[in-house]
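Visitor: Could you take me through one part of this model up close? I'd like a strand and whatever pairs with it.

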Amino acid sequence: MDKTRNVKRQGKTVKALENKKDGSCPYAKKCGGCDYQGVDYKKQLETKEANVKKLLKDFVKVSPIVGMENPYHYRHKVHAVFDCIARGQVVAGVYKKNSHEVVDIECCQIEDQEADAIIREIKNLLKSFKIKTYDEDTGYGLLRHVLVRKGYHTGEIMVVLVLASPILPSKNNFVKALRKNHPNISTVVINVNDKKTSMVLGERNIVVYGKGFIEDKLCGCTFRISPNSFYQVNPAQTELLYEKAINCAHLTGKEKVIDAYCGTGTIGIIASKYAKEVLGVELNKDAIKDAITNAKRNEIKNIRFVNDDAGKYMVSLAEKKELVDVVIMDPPRSGSDEAFLSSVVKLAPKRVVYVSCGPDTLARDLKYLTRKGYKVTEATPYDMFPMTYHTEVVVELIREK
Ligand code: SAH
């Protein structure tokens, strides 16, 4: 077993591999985005699996981690910040750790290669179109960021040009030049971000080519991805994870299912084909709008979405003594809360499927549920983010009493 050490990530202490070395990625030292850079993939999986096993040892025998056959270039959402350095040289990539210096990245190991090629192409086109990159300090210049999103099954590509003002000179010719070598680009959107902010996207989108969104398929359902939509970045693994979550729900067509923390409704929409009815609850208003659009797009009639805090909403369901058969929950990394979990216990669904992106908060929440009459019957880790320390876990619980 390799030695691990505690490091701070996003304000939390996590285990990083001691034998981390800056291996084959030429940007690793400056970029710092991949915690497990240079570590053999098999070893990465072993470390992640061992961590989940340790955290869940009191609840269940954890199944082997589901890793990727090819752990490279899995990110279907790629973001590059643009800047200009000495002698007018344009750079595009990520901010160097803890700084505002842009690391110029030509090709990232975990990003989709076509997306990276599009970003390189945009870098080359800027000069001939006399488009200046935005300068954070002076507020001068136009192009701030480029966001590329690609459908996994459809191959449709959306390019979002984040500009400091709404006008892109010769925009039609720019799109034409860009699509010449990348005909899979199906839509180009200008996103206007005229604020002094570290947020990438502004509020206003102007469609300059195509429909303004792309579509992708997951588990047989179609989902719309707009510039601001949340959509899992690793669709290949997401499909496996969702399949597992739906299997753990053991649906027969008769169940009332809650999809809590539902995001854009993906899990609930897939589950609705196998359930009597589904109720999705989510805090983010824009995600709920997307969820409703997605349900319509798939002609699904037995699903409803509620824009509310999941805990608060579950309390109201528990007060009304609603009949709920299955709760599927996919909370953020911070996990769920007592309002939610105590209401699950009151509603007493026969099954709970917990999809977690934070194994430590998962362990905390499982402690609560297992003390209140639930038993963990299965737990499977998924590697959604190779080269990083993140791990997702799908857990099945059944009510014992
Ligand atoms: N199940 C979705 C999204 C999971 S991400 C998917 O697979 O795509 C977690 C979601 O929880 C986010 O969409 C976030 O906006 C939402 N969320 C965070 N806190 C919440 C709360 N207190 N109540 C409801 N939703 C919340």
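Guide: Here's a walk around strand β15 and its partners. Residues are numbered from 1 along each chain as its sequence is written, and side-chain values use heavy atoms, with hydrogens and water left out. It's a predicted model, so local features need pLDDT of at least 70, side-chain atom pairs count only at pLDDT 80 or more, and totals for chains, interfaces and linings use all residues.

Strand β15 spans residues 326–329; strands (E, at least two residues) and helices (H or I, at least four) are DSSP runs, numbered from the N terminus. Both faces of β15 are covered: V326 and I328 are buried on one side, V327 and M329 on the other. Buried here means under 20% relative accessible area, with a 1.4 Å probe and protein chains only. That split fits a general pattern: in a regular strand the side chains alternate between the two faces of the sheet.

Now the neighbours, where two strands pair if DSSP finds at least two bridges between them. Strand β12 (residues 256–260) runs parallel to β15, joined by four bridges, and D259 sits opposite I328. Strand β16 (residues 351–356) is also parallel to β15, again with four bridges, and there V327 faces V352. To get from β15 to β16 the chain passes through helix α9 (residues 338–347), and this β-α-β crossover is right-handed: with the strands pointing away from the viewer, the path from the first strand over the helix to the second runs clockwise.

How values were computed
Buried means under 20% relative accessible area, exposed over 50%, partly exposed in between (1.4 Å probe, protein chains only).
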